[in-house]
Amino acid sequence: MFEGMSEPDAKLSRAEIRHILDHVDDGVVVVDAGGRMIAVNSASDRYHALTVSPGGQLHWSDHHALFQADGVTPYSPDAHPLALALRGESVEGAEAFVRTDANPDGFWVRVTARPLIDNAGEIRGGLIVYRDVTDRKRVTAALRDAQSRFRAIFDRTYEFVGLIDLEGRLIEVNKSALDFIGARQDAVVGLAAEKTPWWPDDPQTTEFVKGAIAGAAAGQFVRADVRLKDAAGVLHDFDFSLKPVHDDAGSVVFLIAEGRNVDEQRRLHQAELATRDRFRRLLEAAPDAILEVNSEGQIVLANPQAEQMFGYTREELLAMSVDQLVPETDRGRHSRHRAVYAARAVTRPMGTGLDLRARRRNGEDFPVEISLSPAGTGDDFRVVAIVRDVSERRRVDRRLRAMQEQFTRELEVKNRELEQRNEEVERANRLKSEFLASISHELRSPLHTIIGFAELLQEGFDGPLNEKQLRFVSNIHHDSQHLLAIINDLLDLSKIEAGRMEIRPEPVLLAEIARDVCDSMREQAASKALEIRVNLDPELCVRADHTRLRQILFNLLSNAVKFTPQSGRVEISAARRRQKVAISVADTGIGIASPDHEAIFDKFYQVGSTTRGVREGTGLGLAITRKLVEQQGGRIWVESEPGLGSTFSFTLPSCGLNAETNRRLVLVVDAEARPAELLASYLEPEDIDTAHAESAGEALAMAAELLPDAVLAETSAARELAESLGAAPQTASIPVIAVSADDTAGGNHPKFFANLTKPVSRSLLIETVRRAMTR
Ligand code: ADP
């Protein structure tokens, strides 16, 4: 009745058919033309989600569980293979997926569906057969997976791998090999191996490849160093092999060709050869003996210098223990030291501090220096010893040391001589001062007599003199006076130098003393029509030795009168400068050029050009004056220009009647008031006053006026001040302390007393200022 069945079979009952079908593993469902299930075998339960007997004339479409090959899209009843079968189409082995309530994970099936057509050609129903292919699919997938893994290994191995059949044709080749020639698999597969692009196209190579294939096909393993050609035609060195692959029966089925690029290896090998060669040449050329010694102490390497130094040939050295190169007395110790070195091998000089000696073949021993470095490891431990013969150097060292000792001895003698000479000079100086003092003293008495008698004669005490006699006597008188002045000056100077000038400081009213001195000069001044002004505060008091202050003022005033021409002016003034008083004697005289400003204070110095024609002096006045000022704690300086007059100034301690003036003063220079205020607040409790200047210019003027004990200034202002304060004699000794915002700014200056970096701690500031003030 059904197509494909013979007539007698058609007579089988449904039950029989069902029975037969139940023996089939595949699920089978038969439907009539209306789609009602007329036969299902028991296996089909799995596929068709059919839980009830089909006796109830169930329609197949209510019970199918088929999904398309993607496993997720359900078959629509229209596209279902059974639906197609009922429309007269056959579906052969379509892949699909079944998921039922009983089997939610589902499984893969192959579905075959056919229409059932009767003899009249009419569709009477349809048949669907489900076959579970899950296992097969899994195996196939695993196989594919394994294959691709194998392929990946095959392709990615660094080596070139190819398969060649027994006819010598390439059947497979890996990616590394293809990349090398820049070709695709299909361009080379099937070619005779010797014609493939890897091989250089020459008869020799062709013959080699053919021979190799023949050999391998006959069961041999072929291996050779060959050269293969890359995509650019460049030849590279390869380690090539060809192996036969046998089947179970033992016959060769195909050949595996392998190639390993040995370019890098060759390069390394060559580099190593070059290094070795360089090392050998270095070894040969080294000026020191070089020995390599193994753990037993055996010499395993020696350079020509070692042969020369020790007097053995290389062959002899290589048969010796290194201990034999050490003097006999040191040998025991040497081999112990070798063991110690092996335990803690580092590159270092050997026997630091020891006097190392080596022994030549002829028995002579000589001093050496040895540097040791470890070489090799473990059992193969070796030591490289670089040995330098230092006989010559030792000799030179000894000579140098002897010379040095001799020089030191000579120097000591010279030093002693010098000391003696110094003592002698000092003694002579003392003697000179003493001699001057006594001779001056001795000279003064007769001079007083001469002057006295000359005066008597001048006054006509014993009868009048004629004009000529009078002139002569006047000359005697004048020159004797001058001689007396010189002698007095010399006496003063020698007293000061011998430290015998006594100074008794006491409060002295400056104005009184000045008036006194001026009075004694009035006559002289009047003779030149000079005006002498005293511009002094009558209260102004200095602490000084009355007599010596008078002498100082007298010297300065008499110079001023002496060096000021007709109708000039001389003025004495003073300014209180905190704990000091600065007294000035200014004139409108001939002035002094600046190169002489210092020299005039030297003994016997007179400015030749300017004093010529002026009254003679001793050249000692200013030297004495300076000594007297300094002895009383003051300083003296001059400001002058030729033709514009001179101002000589000196300082003396003020009387300290007023405590205010004895406090210390620091001049703080800062563009801003606040930082200055901070510094002031640090110093105030230390009894140190501060004055504030906003700029270097202002500070300069204030410093000249106030003579502060120290100046604190920002770096740039401090630089300017250090320069300009240093240039003026009255301010040169004021220490300048720089305060910089950061230590990179500006840097130091040789004239800075100190260089502090902000923020300055209170204690550091006070400590630095105190140090500056007591300098
Ligand atoms: P002198 O006895 O020559 O005055 P001083 O030591 O007192 O010796 O002075 C040294 C020199 O300094 C003088 O010779 C003179 O050249 C110069 N001198 C000193 N005072 C003045 C002055 N007020 N004006 C110009 N030159 C002066």
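1. Let me start with a local pair. Arg-360 makes a salt bridge with Glu-364, and the closest N and O atoms are 3.4 Å apart. Keep in mind that this is a predicted model. Arg-360 has 16% relative accessibility, so it falls in the buried class. Glu-364, at 39%, counts as partly exposed.

2. A second pair with a similar layout to look at: Asp-118 with Arg-124, again a salt bridge, with closest N and O atoms 3.2 Å apart. Asp-118 comes out as buried because its relative accessibility is 15%, under the 20% limit for that class. Arg-124 is partly exposed, at 46%.

3. What does the Glu-686 to Arg-770 salt bridge tie together? Glu-686 sits in the loop between helix H18 (673–683) and strand S26 (688–693), while Arg-770 belongs to helix H21 (residues 762–773), so the pair links parts that are 84 residues apart in sequence. The closest N and O atoms are 3.2 Å apart. Both ends are partly exposed: Glu-686 at 24% relative accessibility, and Arg-770 at 36%.

4. On salt bridges overall, the count for the model is 47. Some share partners: Glu-159, Arg-223, Asp-239 and Arg-260 are joined that way into one network. Two of those names come back in point 7.

5. Now the sheets. One is an open sheet of six strands, ordered S2-S1-S6-S5-S4-S3, with antiparallel pairing. Its edges are strand S2 (37–40) and strand S3 (66–67); each has a single partner strand, so each keeps one side without a neighbour in the sheet. Within the sheet, six bridges hold strand S1 (residues 27–32) against strand S6 (residues 123–132) in the antiparallel sense. If you want a register check there, Asp-32 has Gly-125 of S6 as its bridge partner.

6. Helix H4 (residues 134–156) is worth following, as it turns up against two sheets. It packs on the six-stranded one, touching strand S4 (91–98), strand S5 (107–117) and S6, and its direction makes about 130° with that of S5. H4 also lies across strand S7 (160–164) and S8, where it runs at about 90° to S8.

7. S7 and S8 belong to an open sheet of five strands, in the order S8-S7-S11-S10-S9, with antiparallel pairing. Strand S8 (170–173) and strand S9 (222–229) are at the edges with a single partner strand each, so one side of each has no neighbour in the sheet. From one strand to the next the twist averages 30°. Strand S10 (residues 235–246) and strand S11 (residues 252–261) run antiparallel and are joined by nine bridges. Asp-239 stands opposite Arg-260 of S11, and both residues are members of the salt-bridge network in point 4.

8. Strand S12 (residues 289–294) is mostly covered, with five of its six residues buried. S12 has antiparallel partners in strand S17 (residues 382–389), through six bridges, and in strand S13 (residues 299–302), through three bridges. For register, Ala-289 stands opposite Val-387 in S17, and Val-293 opposite Ile-299 in S13. The hairpin of S12 and S13 has four residues between the strands, and there Gly-297 takes a positive phi near 90°.

9. Two helix pairs to finish. Helix H13 (residues 467–497) packs on helix H17 (residues 621–631) at an angle of about 35°, the axes being 10 Å apart, and the crossing is left-handed. H13 contributes Asp-489, Asp-492, Leu-493, Ile-496 and Glu-497 to the contact; from H17 come Gly-621, Ala-623, Ile-624, Lys-627, Leu-628 and Gln-631. By class, that gives five nonpolar, two polar and four charged residues.

10. The other pair is helix H19 (residues 696–706) with helix H20 (residues 715–727). Their axes come within 9 Å and cross at roughly 35°, but here the crossing is right-handed. On the H19 side the contact uses Ala-696, Ala-699, Leu-700 and Ala-703, and on the H20 side Ala-717, Glu-720, Leu-721, Ser-724 and Leu-725. This contact divides into seven nonpolar residues, one polar and one charged.

Note on methods:
Residues are numbered from 1 along each chain as its sequence is written. This is a predicted model: local features need pLDDT of at least 70, side-chain atom pairs count only at pLDDT 80 or more; totals for chains, interfaces and linings use all residues. Side-chain values use heavy atoms; hydrogens and water are left out. Two strands pair if DSSP finds at least two bridges between them. Contact means heavy atoms within 4.5 Å. Axes are lines fitted to C-alpha atoms, for helices over the stretch in contact, and angles run from 0 to 180 degrees between N-to-C directions. A crossing is left-handed if the near helix is turned anticlockwise from the far one by less than a right angle, and right-handed if clockwise. Ala, Val, Leu, Ile, Met, Phe, Trp, Tyr, Cys and Pro count as nonpolar, Asp, Glu, Lys and Arg as charged, and the others, Gly among them, as polar. A salt bridge is a side-chain nitrogen of Lys or Arg within 4 Å of a carboxyl oxygen of Asp or Glu. Buried means under 20% relative accessible area, exposed over 50%, partly exposed in between (1.4 Å probe, protein chains only).
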